[in-house]
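Thanks for coming, everyone. Please bring the model up on your screens, and I'll talk you through it.

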Amino acid sequence: MTTAAPAAGSRDLPHPARDEIRLESVLHALSDPMRLRIVRELAADGAELSCSHFDLPVTKSTTTHHFRVLRESGVVRQIYRGTAKLNGLRRGDLDDLFPGLLDTLLAAAERQAARLGA
């Protein structure tokens, strides 16, 4: 999968174009509990959230890795606003490419969390 390269000296991050998003990459990104947790929070809030908003029980470098996997798979879009890196769910792209997938996965994750008391 190719990604659009940012301009030299730019703080823009590379993201796959909509037509480059692959189902396998999305499913891989969402197969990790921490990444699924991030996506659940983004979906529940519906807004762009900074990386520091998320209180994950992992190191900062591991958190950065999880956000990179989500961005490179096309699940989230990351943009800089000032010094904050904001994350937004690419719901429109995902719903157009894979109708019902995101809602089904989020509902299943919710049921699992309720079942496990998480």
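Let's begin with open space. What volume does the largest pocket have? About 270 Å³. Keep in mind that this is a predicted model, and that the volume is computed from it.

Who lines that pocket? Going along the chain, we have Cys51, Ser52, Phe54, Leu56 and Val58 among the lining residues. Then come Lys60, Thr63, Thr64 and Phe67, with Gln78 and Lys85 also in the lining. Which helix gives the largest share? That is H3, with four residues.

Now the closed space. How many cavities of 30 Å³ or more are there? The count is one. The largest cavity holds about 30 Å³ of space. Val26, Leu30, Leu94, Phe98, Leu101 and Leu102 form its lining. Two helices, H1 and H5, each put at least two residues into that lining.

Next, the core. The largest nonpolar core has 23 residues. Val39, Leu70 and Val75 have the most contacts inside it. Four helices each supply at least two of its residues: H1 at 23–30, H2 at 33–45, H3 at 60–73 and H5 at 101–116. H2 gives the largest share, five residues. As background, nonpolar side chains in soluble globular proteins tend to be buried together.

Take a closer look at Leu70. What does it touch beyond four places in sequence? Ala29 and Leu30, for a start, then Arg35, Ile38 and Val39, and finally Val75 and Val76. So keep Leu70 selected on your screens while you look at the core: Val39 and Val75 from that contact list are also the two residues named with Leu70 for the most core contacts.

On to the sheet. It is open, has three strands, and runs in the order S1-S3-S2 with antiparallel pairing. S1 and S2 sit at the edges with a single partner strand each, so one side of each has no neighbour in the sheet.

Strand S2 covers residues 76–81 and strand S3 covers residues 84–89, and the two pair over six bridges in the antiparallel sense. To get the register, find Gln78, which stands opposite Asn87 in S3. Then find Arg81, which faces Ala84 in S3. The hairpin of S2 and S3 has two residues between the strands. There, Gly82 takes a positive phi near 65°. Gln78 is a useful landmark, as it also turns up in the lining of the largest pocket.

One more residue: Glu41, in helix H2. Is Glu41 buried or partly exposed? Partly exposed, with a relative accessible area of 25%. Beyond four places in sequence, Glu41 touches Leu49, His53 and Phe54. Phe54 is another of the residues lining the largest pocket. For scale, Glu41 and Asp96 are 55 residues apart along the chain, and their C-alpha atoms are separated by 21 Å.

Last, confidence. How far can we read all this? The chain averages a pLDDT of 88, and 91% of the residues score at least 70. H1 has the highest confidence, at a mean of 97, while strand S1, residues 49–50, has the lowest, at 82. Residues 5–9 are another matter: pLDDT stays under 50 there. The model has two contacts beyond four places in sequence for that stretch. Where pLDDT is low, predicted coordinates should not be read in detail.

That's my tour. Over to you for questions.

Technical notes. Residues numbered from 1 in each chain as written. Predicted model: local features only at pLDDT ≥ 70, side-chain atom pairs only at ≥ 80, totals over all residues. Heavy atoms only, no water. Core = buried A, V, L, I, M, F, W, Y, C linked by side-chain atoms within 4.5 Å. Buried < 20%, exposed > 50% of the residue type's maximum accessible area, 1.4 Å probe, protein only. Contact = heavy atoms within 4.5 Å. pLDDT = per-residue confidence, 0-100. Pairing = 2+ DSSP bridges. 1 Å grid on protein atoms, 1.4 Å probe; cavity = no way out; pocket = protein on both sides within 12 Å on 5 of 7 lines; lining within 4 Å. Points joined across faces, edges and corners; volume = space filled by probe spheres on them.
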